[in-house]
Amino acid sequence: MSSSIKHTIPNWFIWLTIGMVLLPCLIILGLYAGNITETAGYYGIEPTDVQFSVIIYYAAMASFFPFEQRFLNFFTTRHYFLLGVFLLTGANIIFYITHNAFAFIGLRFLEGIFSSGVAGSCLSIIFSRLHTERAKAIGYSIYYGILLVSAPVGMILSSLVVHYFEFNALYKSIIYLQIPGTLMLLYVMNKDRTKKPIPLYQLDWPSFVMYALILGLTGYVLIYGQQYLWLEDFHICLFAGIIVVLICLFVLRQNIIKRPFINLRIFHYRNYCLGTLLVFLFYICRGGLGISSTYFSNVLGMDPIHVSLLMLANLAGVVVGVYVVVHYVLLNTSMRKIWFWGFSFLFVFYTWMYFLFTTDADAGTFIIPLFIQGLGTGILMVPLILFTVSSVPVNISNSASAMGIGFRFFGFTFSMALIHFFQLYEKQIHYTLLQEQVTSLNPLSSERLLHYQKIGQSTGMAQDQAGLFANKLLFSTINNQIQLRYSMDYYAMISWVILGILLVIALFPYIRSTTISFRIKPVPF
């Protein structure tokens, strides 16, 4: 047992404490997912800017991760945790009192670094307590289970707060959520230093800056590229060129310096390359769930609270999936079987939802598909991460974890960019097609317009007001049809991608024999 934890504290209380600490930090990542419009209105920015703020937060966490172990070796876990909580609380206080858009984006980057410190302290505790294979499997499953359920929990929290209070009360609620976990963790931790501090010398700040810029600029290009017509815009071209130069300089520096920021020898291991590729594809496939939330809100007219409650079915699926998969991991089940079942559940979700997209549907219809999506996500997450980080020697496992969270970032960002592309490009195509059909010469559209006008007149509207009402209602119907078509197109595309992944898993001989190795303690990412 780790000497940083009091020996008299039961394990169940320690895991509960870690969950109470981690959940607020992980909620911050997707805090605005269910209230993008409200966030944009509060800060006077575009919805795309809100999405970019999420990318910046993620980029900060991913780029600072390689420093985590160095800071934990210098500070005691207790002091490092308190420093992270103090800085994170300060950032939320500033968020609470400011409306400035530039401060919002800048603080999101710093908030990602501060959250990384709090999460790193918890990871240090988890890592130090895992000695047996069973403990490792269960411990990492709990950690990633918390990571996966944080999104729907965050959506529920933000929806409730925004509905009943002012928008900036979100930040106050995050501060309040941190208090119980902070007090509990301080109670279970020893006050004395248990090991000699290692000075913070030769920290590779130039590599950190380059890596952070690579991630941040990549996120900018992917999120804003379609909006500015990609390489037709000077800024997109400039940033793309800077990214290429920074990647070359970063790779060159890591191969030259004695203590690389990220040891690129990790890519010499075939299993690691396979694992990171699947993590990247998994995050792309997982990201499509947001389109369902948008559909529930925009087409079915559900308010954010009811959308969040419906997502509880997804949360339940995640919990069941994580609980089930840990038993198969302990039995040394082939990764091929686990991956095949996990991606199969995701395939069922996307194909089923493709046929459920209509303008009039009951919320209960989507409970089982959402549960299945959560089930597939829960089954895939833990085995993918553990397989990836256990594929390299222990002396470079920290670099494997650092690059692993980078691939999670790229998968998350690429999924968001792909959805954004479909929103702008596919919607324009379908809008043009519908515009050609909905004209005064089309008897069906004229009949629909007359029907809407009669509805308005039946409620007591004057003829001119009823005409405006009919046009507005027809425009709303067209927008709903565009939303449906683009959602169906995206889900069809992801279904084909997953089908390709399933075929490779089933037919590629090398994957059939892959298992997770617990001979070393993999550092999760």
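This passage looks at the salt bridges of a predicted model and then at three of its helices.

Salt bridges make a good starting point. Side chains of opposite charge can pair when their charged atoms come close. The structure holds three such salt bridges, and each can be taken in turn.

One of them joins Arg108 to Glu111, with 3.1 Å from N to O. These residues sit three apart in helix α6, which covers residues 101-128, so about one helical turn separates them. A simple rule of helix geometry helps here. An α-helix has 3.6 residues a turn, so residues three or four places apart point the same way. As for their surroundings, Arg108 and Glu111 are both buried.

A salt bridge of 2.8 Å, again from N to O, brings together the side chains of Arg253 and Asp204. Here the pair links distant parts of the chain, as its two residues are 49 residues apart. Arg253 belongs to helix α10 (residues 234-256), while Asp204 lies in the loop between α8 (169-188) and α9 (205-224). Are the two partners buried or exposed? Asp204 has a relative accessible area of 7%, which is under the 20% cut-off, and therefore counts as buried. Arg253, at 27%, lies between the 20% and 50% limits and is therefore partly exposed.

Asp489 and Arg485 form another salt bridge, in which the closest N and O atoms are 3.9 Å apart. Both residues are found in helix α19 (residues 463-507), where a spacing of four residues places them about one turn of the helix apart. Arg485 is partly exposed, its relative accessible area being 32%.

Attention now turns to the helices themselves. Helix α9 is built from 20 residues and spans 28 Å between its first and last C-alpha, close to the 28 Å expected at 1.5 Å a residue. Of these 20 residues, 16 are buried, so α9 is largely enclosed by the rest of the structure.

Helices α14 (residues 312-330) and α16 (residues 367-389) offer an example of packing. Their axes come within 6 Å and cross at roughly 35°, and the crossing of α14 past α16 is right-handed. Among the α14 residues that take part in the contact are Ala313, Gly317, Val318, Gly321 and Val325. On the α16 side, the residues include Leu370, Phe371, Gly374, Gly378 and Pro383. What classes of residue make up the contact of α14 with α16? It has 13 nonpolar and six polar residues, and no charged ones.

Terms used
Residues are numbered from 1 along each chain as its sequence is written. This is a predicted model: local features need pLDDT of at least 70, side-chain atom pairs count only at pLDDT 80 or more; totals for chains, interfaces and linings use all residues. Side-chain values use heavy atoms; hydrogens and water are left out. A salt bridge is a side-chain nitrogen of Lys or Arg within 4 Å of a carboxyl oxygen of Asp or Glu. Buried means under 20% relative accessible area, exposed over 50%, partly exposed in between (1.4 Å probe, protein chains only). The expected span of a helix is 1.5 Å times one less than its number of residues. Axes are lines fitted to C-alpha atoms, for helices over the stretch in contact, and angles run from 0 to 180 degrees between N-to-C directions. A crossing is left-handed if the near helix is turned anticlockwise from the far one by less than a right angle, and right-handed if clockwise. Contact means heavy atoms within 4.5 Å. Ala, Val, Leu, Ile, Met, Phe, Trp, Tyr, Cys and Pro count as nonpolar, Asp, Glu, Lys and Arg as charged, and the others, Gly among them, as polar.
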